[in-house]
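Student: I'm new to this one and I don't want the whole tour. Please pick a single part and take me through it slowly, with just enough background to find my way.

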Amino acid sequence: MTKRPQKGELPRSLKADGVLPTGPASNVATIALPEYLDFKAEDFKNTPLIFRNRAKVSRELFGGGRSASTKRTTGRRLSRIANFIDHYTKKNRTTIVAADDVDSAFSADFLRYIEPFNERDRVIATFRRLLKCIGVPEALWPTNPFQGKPAASSKSLLSRKQMRAAIKNAKHEARLVMRTSREANAAGPGHDPRRAPGRKGEWDDLGNRLWALRNIVGPTVRTWNEYNRLFPAVVKQLEKYPGALAVERNGEIRRIKGINAHLRYIYPEGRDIAPFVVLTLIRTLFNFESVATLEVGKWFKPYPLSVGEEDEESVDRACYIVSRKNRGKQDPRDPPKVVRAISLMKPWSHAYRVLQTVEALTQPLRDEIEREIEELHRTRRRSNDQKERLSYLQSIRNRVFLYNSSITGISAISYEHGAPRWLNETLTTWGLPTEVRNFRDAGLAFGFSESGSNLAVLQILGSHSKPGVSALYTKRKQLEATREEAAKSVFRASMELVEEGDFSLHAMAERLSAQGLRTRQVENVLDPDTTTRWGNRCADPASPPSGFSQRTLPGQECTGQRCLDGCPHARWFPESIPHVLIMLSSERERRRNLGAEATLAGTFDSIITRLKSLLTMWPDRILRDYPAVAGVLSGED
């Protein structure tokens, strides 16, 4: 007979590991509550350093309202760290179970281990956070020698030639994807290729093969292994026929055989939507997050003005493209900022039509998301994986940019840790850097340059809340260098005119002709009536060159007068020096008077710098006749 527990003694069934609790006897049993963690700790049971600190790891690396995609990425990096710990303990025949077991040799060996891998800088960052949260002293955290190495070129800009090439490549590949969509529609509804006894070639018809995908395989998006396990006969047949004409990861355009190639008729892959992503980045000048989070039914707003005639047929209407932006928020609790860009509605490669096209291409993926969400809602007891999947699908159900992956299934663009691999591969095959923010930077720099270096225009284009943020874009080294070199080349051309000291009209005309100016332009330069507000003569006031003609209507004289920015029609003569001195003093005074508002009116620094550069380039024999120059140049800016 089993002995009954005495007063003050716990029943054996309530004892934890067979050990009685210490302290005063009590009739109340203490039962451990289940753990609620933000990651699958059981995957790390063989890594005591992580598993024994799972509560801290969950809180510090996975908590704080992080998105499901961020958690997946962190989990992947943590698995790589666990692999290293296993490798290290076996190699050194030791154990690493607590913070006290970590030493400098452990951290140094981790750097050597991680060097060959992708994302090594981010894995090291996760490793440092792990050591911090489990209590390893900071002196033992490894440095991150791979962090920020590409930053040296991050402030350089794509050239106009590169931007044109990006648009050309994106339009070419987008046309291929749209051609594939039209090809699928033209194939017709098809019928069951299995149910035609005595007939041959039923699988040869594309419409029949797509019918098999829609009606036999069904709408559920799966990995290739799942398709092969569930529908081996269909997979076997589709392996015999070429699928959609598509761009492969290496940039090669071809048709390959198999089920995945046929699925691209219905469900676009990442490489299929890549050209549309690039076109949207260029046309809107949004940052990558704002493009990735565009939502169906929310990205369009009417624009109050139209471009064109009153006739409806000829009106090229415009609209706003609307998204949200989290980057730059002072407080993470603040709501996302709304950003807008103007788009024409007729050209197929502008943002409005591009997003319409992508919506149509990705609608089958959204239909599948809704079906899967409904199925998960009907599941009464959802596993942790199912709960995570449901949360992820609900977060992306309205995204415009979705794609199908043969590994992970339906996915949205992840932007938290940079561009996805397929987008980087696309840019690489086009011969472009893989930093997607280059498109925004180059577009803003172009707008800034074309507006006469006006920060107010830059602030509008960039949807910046503060002019100080816009001012940062003017510091791009390549933009500054390009503008300064253009200006100095024109200044040098002016200096060449006075090098020999012969100021006769004949001598000046010969030198101007040698610089490539036509007869009429030479006459204009020698005419004092063409003097501009900067003191220079203009070779062709009625025909400003491309890039310097904004706001000038055909047949009118140049209204922008951006001579200081390196206009090739500008030439300065020594008699312009007093005028340049006056303009320099005037620009300095304007900047002082405007104070903090100076950035709204234009870039005074660049104007002042060029005026000073022009004055200092004159030969000493010329400057001796203008003693005021030394005093003005020595004045404070």
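Tutor: Let's settle one word before anything else: a residue counts as buried when its relative accessible area is under 20%, and as exposed when that area is over 50%. With that in hand, 44% of the 637 residues in the protein are buried. Keep in mind that you're looking at a predicted model.

A little more background, then we zoom in. The secondary structure comes to 26 helices and 9 strands. Take the contacts between residues at least 6 apart in sequence: 59% of them join residues at least 24 apart.

The part I'd pick is helix α11, with the helices it packs against. Two packed helices are described by the angle between their axes and the distance between the axes. Helix α11 covers residues 270-284, and one of its partners is helix α15, residues 421-429. Their axes are 9 Å apart, and the packing angle is about 70°. That angle makes α11 roughly perpendicular to α15, and the crossing is right-handed. To see who actually touches, look on the α11 side for Gly-270, Arg-271, Ile-273, Ala-274, Val-277 and Val-278. Facing them from α15 are Trp-422, Leu-423, Thr-426, Leu-427 and Thr-429.

Now go to another partner of α11. Helix α6 (residues 160-186) has an axis that comes within 8 Å of the α11 axis, and the two cross at roughly 140°. The pair is therefore oblique, and α6 passes α11 in a left-handed crossing. From α6, the contact includes Met-163, Ala-166, Ile-167, Ala-170 and Val-177. From α11, it includes Asp-272, Pro-275, Phe-276, Leu-279 and Ile-282. Two α11 residues are worth marking on your screen: Arg-271 and Val-278 appear in the contact with α15, and both turn up again in the contact with α6.

Follow the chain out of α11 and you reach a loop that leads to α12 (288-292), and Asn-287 is found there. Asn-287 has 13% relative accessibility, so it counts as buried. Now find Asn-438: it is 151 residues away along the chain, yet its C-alpha atom and that of Asn-287 are separated by 9.6 Å.

For a bit of contrast, here's another place where helices are linked, this time through aromatic rings. The whole structure has 14 aromatic pairs. One of them is Phe-84 with Phe-110, an edge-to-face pair with 5.1 Å centre to centre and 70° between the planes. Phe-84 belongs to helix α3 (residues 68-92) and Phe-110 to helix α4 (residues 104-114), so the pair links parts of the chain that are 26 residues apart. Both of these phenylalanines are buried. Tyr-88 and Phe-106 also pair edge-to-face, at 5.1 Å centre to centre and 90° between the planes. Since Tyr-88 lies in α3 and Phe-106 in α4, the pair ties together parts 18 residues apart in sequence. Tyr-88 and Phe-106 are buried too. Ring pairs join these four residues with Tyr-113 and Phe-127 in a cluster.

If you'd like one last stop, try Glu-368 in helix α13 (residues 351-378). Its relative accessible area is 2%, so Glu-368 is buried. Setting aside neighbours within four places in sequence, Glu-368 is in contact with Pro-219, Thr-220, Val-221 and Ile-410.

Conventions: Residues are numbered from 1 along each chain as its sequence is written. This is a predicted model: local features need pLDDT of at least 70, side-chain atom pairs count only at pLDDT 80 or more; totals for chains, interfaces and linings use all residues. Side-chain values use heavy atoms; hydrogens and water are left out. Rings of Phe, Tyr and Trp (its six-membered ring) pair if their centres lie within 6.5 Å; planes under 30 degrees apart count as stacked, over 60 as edge-to-face and the rest as tilted. Helices (H or I, at least four residues) and strands (E, at least two) are DSSP runs, numbered from the N terminus. Buried means under 20% relative accessible area, exposed over 50%, partly exposed in between (1.4 Å probe, protein chains only). Axes are lines fitted to C-alpha atoms, for helices over the stretch in contact, and angles run from 0 to 180 degrees between N-to-C directions. Angles under 35 degrees count as roughly parallel, over 145 as roughly antiparallel, 65 to 115 as roughly perpendicular and the rest as oblique. A crossing is left-handed if the near helix is turned anticlockwise from the far one by less than a right angle, and right-handed if clockwise. Contact means heavy atoms within 4.5 Å.
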